[in-house]
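Reader: I'm new to this one and would like to learn how to read it. Could you walk me through it?

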Amino acid sequence: MTSVLITGASRGIGRAVATELAARGHRVVATARRPEDLKDLRVDQRLRLDVTDQKSIDDAIRDAGEIDVLVSNAGDTIRAPLESVPLPAVEALFQLNTFGPLRMVQGVLPGMRERGTGRLVFVSSVQGRMVVPIIGPYAASKWAMEAFAETIAAEAGHFGVKVTILQPSSVSSGGAERAKSYFSENDPYTPLFQQFAPLRGTSIFEPVTPEEVAIALADTLEKPDPPLRLPVGRAARTALAARKAAPDDAPFLPLTLDW
């Protein structure tokens with residue numbers, strides 16, 4: 001039985017991961033900013049944890065006890081053109097999506113290193129390797145998180161700590177629908193933004209379910225030598241292969257835009 005701490009377990013991918021791992025017999029510590037949102041999860045522990053708050057992190061790690069696996073899942077997204085996106089909104093996104101996972105790693109990695117074993121799982125996105133117009137702040141936060149994750153893999157692998165970065169395409173968890181948008185009246189970028197809705201469900205944006213991501217994650221934990229990066233779903237594999245094959249001397253767009 002492995003002890004797994006999951007951030008952002010109140011809904012979406014985090015909740016599905018908690019459910020899947022508990023069903024497989026792991027000791028699951030589910031965390032969220034509002035622990036009352038976890039009350040119906042059948043897991044070993046439900047703890048309050050805000051990955052942007054160091055005291056909250058310290059308290060949760062102390063109460064969780066020895067952690068074998070950290071699943072850094074808590075995150076959010078926004079929609080805005082970079083020309084006018086409010087910088088405080090970008091800073092808040094980085095505090096959650098990028099610095100939050102790093103804070104968590106700094107909390108659990110010393111123990112893993114001393115024991116000579118551990119797993120760090122980062123829930124990223126295909127946008128951790130490519131950009132989509134109007135979702136640039138989110139992509140930037142995931143690119144930076146992946147840089148942290150790969151660096152940790154290089155630094156801590158010697159101590160028996162293994163890192164995996166999950167890269168789903170769009171996920172049918174409602175995150176896109178809940179995302180805050182920052183557009184001015186008669187914003188010149190609105191026509192570009194309006195093209196996104198019909199693209200969901202196409203080959204590049206075919207969504208996967210949170211449960212599919214959870215199964216991929218759980219299967220990876222059972223492998224003695226997990227991959228550093230793991231695309232989840234056909235759309236993710238298609239998009240990332242296209243990004244890898246594309247030249248680097250022009251912006252890569254995983255879709256055709258006409259605006």
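Author: Sure, and keep in mind that this is a predicted model. Let's start with a term: a residue counts as buried when its relative accessible area is under 20%, and as exposed when that area is over 50%.

Reader: Which residues of strand 3 are on its covered face, and which on its uncovered one?

Author: The general idea is that side chains in a regular strand alternate between the two faces of the sheet. Here, Gln45 and Leu47 make up the covered face of strand 3, while Arg46 and Arg48 are on the uncovered one.

Reader: What lies across strand 3?

Author: That's helix 2, residues 54–64, which also lies across strand 1 and strand 2. Its direction is at about 160° to strand 3.

Reader: How do I read the sheet as a whole?

Author: Strands of a sheet pair through backbone hydrogen bonds, either parallel or antiparallel. In this model, seven strands form an open sheet with parallel pairing, in the order 3-2-1-4-6-7-9. Strand 3 (45–48) and strand 9 (229–232) each have a single partner strand, so one side of each has no neighbour in the sheet. From one strand to the next, the twist averages 20°.

Reader: How many bridges join strand 2 to strand 3?

Author: Four, and the two strands run parallel. For one pair to look up, alanine 32 has arginine 48 in strand 3 as its bridge partner. Strand 4 and strand 6 also pair in the parallel sense, over four bridges. There, serine 72 has phenylalanine 122 in strand 6 as its bridge partner.

Reader: And what about the nonpolar residues?

Author: In soluble globular proteins, nonpolar side chains tend to be buried together. The largest nonpolar core here has 29 residues, and Ile6, Val17, Val71 and Leu217 are among those with the most contacts inside it. Helix 8 gives the most to this core, with six residues. Take leucine 217: among the residues it touches are Val17, Leu21, Val71, Val121 and Leu166. Apart from that core lies another, of 27 residues, including Leu49, Ala60, Ile61 and Phe122.

Reader: Why does the length of helix 5 agree with what it should span?

Author: Helix 5 has 21 residues, which at 1.5 Å a residue should span 30 Å, and its end C-alpha atoms are 30 Å apart, so the two agree.

Reader: Which elements do the buried residues of helix 5 pack against?

Author: A general point helps: an α-helix has 3.6 residues a turn, so residues three or four places apart point the same way. The buried residues of helix 5 include Tyr138, Met145, Ala149 and Ile152. As a group, the buried residues of this helix pack against strand 5, helix 3, helix 4, strand 6, strand 7 and strand 9.

How values were computed. Residues are numbered from 1 along each chain as its sequence is written. This is a predicted model: local features need pLDDT of at least 70, side-chain atom pairs count only at pLDDT 80 or more; totals for chains, interfaces and linings use all residues. Side-chain values use heavy atoms; hydrogens and water are left out. Two strands pair if DSSP finds at least two bridges between them. Axes are lines fitted to C-alpha atoms, for helices over the stretch in contact, and angles run from 0 to 180 degrees between N-to-C directions. Contact means heavy atoms within 4.5 Å. A nonpolar core is a set of buried Ala, Val, Leu, Ile, Met, Phe, Trp, Tyr and Cys residues joined through side-chain atoms within 4.5 Å. Buried means under 20% relative accessible area, exposed over 50%, partly exposed in between (1.4 Å probe, protein chains only). The expected span of a helix is 1.5 Å times one less than its number of residues.
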